[in-house]
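Here's a quick walk through one protein model, helices and strands included. Have a look at the structure first, then read on.

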Amino acid sequence: MNIVRINSRNVIFVLLAILSTTLQQAHMGHESASKYVQKEANENSTPAYSSIKEENVRLCPSGVACTELHSNCLKCNLNPDCEYGNEYITNCSVRENVDCIGIHSFQKKYICRYCYQTEHWEHECHQKNSCNSVSSPRQYYRTNCTVNGDILCLGRRTFMKNLLCNWTVGYRWSTALILSITLGGFGADRFYLGHWQEGIGKLFSFGGFGVWTLIDVMLISMRYIGPADGSLYI
């Protein structure tokens, strides 16, 4: 019995030692992982700062006339109490650390309005192709728009705007119509527009014995059938 008790105690001591070693290794591994995550965060923060710096250099290049600088490179005193639509003259000065040629303080003309009220040719918007351009009613999508650099306006120069979905990838309406008239019985028009299932159905049914072909000719001629990806004809 004494031998059994001694062996049991030894087993308990061994298990406790193994458990202690495992906990120490897990703690060390956690510390290493934390240091690695912190290192990755520090490394990832550098490109973001670099991208901002590169954007500033692009907008405010050195060696150009001060009057031709991007509006983000200038400090202009715009009057928020101005009357909408009227033209005003404001004093502008070049921001610090911006190197340009000419006088650093000058006057510029601007129209009293907020940036989101500028005309569509006075700002650029991020185009999207995730909507259906041929849906009825027509779809709109919300995107970011940025005012051109030579335009002075009130408020933020980047804003959200609803745009009509009107993107295209190069499908021609004339090509689709010609294919529908000449080879529509074999589904060539449907294959061209990306409607593969309907194209296979027309191919093996000989254009629905001519009925389906005539219907597609009329629908394509009225632009009722468009590309399968939701884009517009060119």
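At what angle do helix α2 and α6 pack, and how far apart are their axes? Keep in mind that this is a predicted model. In it, α2 (residues 173-183) and α6 pack at an angle of about 165°, and their axes are 9 Å apart. Angles over 145 degrees count as roughly antiparallel, so that is how α2 and α6 are related. The crossing of α2 past α6 is left-handed.

Which residues make the contact? On the α2 side you'll find Trp173, Ala176, Leu177, Ser180 and Ile181, and they meet Thr213, Asp216, Val217, Ile220 and Ser221 of α6. Sorted by class, this contact has six nonpolar, three polar and one charged residues.

Just ahead of α6 sits Gly210, in the loop between α5 (206-209) and α6 (211-221). Is Gly210 buried or exposed? Neither, quite: its relative accessibility is 26%, and since buried means under 20% and exposed over 50%, Gly210 counts as partly exposed. Its C-alpha atom is 8.8 Å from that of Gly184, a residue 26 positions away along the chain.

Now for the strands. Here are the pairings with their bridges:

| Strand pair | Sense | Bridges | Residues standing opposite |
|---|---|---|---|
| β2 (residues 87-94) and β3 | antiparallel | seven bridges | Glu87 and Ile111 |
| β4 and β5 (residues 140-147) | antiparallel | three bridges | Glu124 and Thr146 |

Take β3 (residues 105-111) on its own for a moment. Which of its side chains are buried? Phe106, Lys108 and Tyr110 are, and they point to one face. Ser105, Gln107, Lys109 and Ile111 point to the other face and are not buried. That alternation fits the general pattern, because side chains in a regular strand alternate between the two faces of the sheet. Ile111, on the face that isn't buried, is also the residue that Glu87 stands opposite.

The other pair in the table belongs to an open sheet of three strands, in the order β4-β5-β6, with antiparallel pairing. Why is one side of β4 and of β6 left without a neighbour in the sheet? Because β4 (123-125) and β6 (158-164) stand at the edges, each with a single partner strand. From one strand to the next, the twist averages 40°.

Note on methods
Residues numbered from 1 in each chain as written. Predicted model: local features only at pLDDT ≥ 70, side-chain atom pairs only at ≥ 80, totals over all residues. Heavy atoms only, no water. Helix = DSSP H or I, 4+ residues; strand = E, 2+ residues; numbered from the N terminus. Buried < 20%, exposed > 50% of the residue type's maximum accessible area, 1.4 Å probe, protein only. Pairing = 2+ DSSP bridges. Axes fitted to C-alpha atoms, helices over the stretch in contact; angles between N-to-C directions. Parallel < 35°, antiparallel > 145°, perpendicular 65-115°, else oblique. Left-handed = near helix turned anticlockwise from the far one by under 90°. Contact = heavy atoms within 4.5 Å. Nonpolar A, V, L, I, M, F, W, Y, C, P; charged D, E, K, R; others polar.
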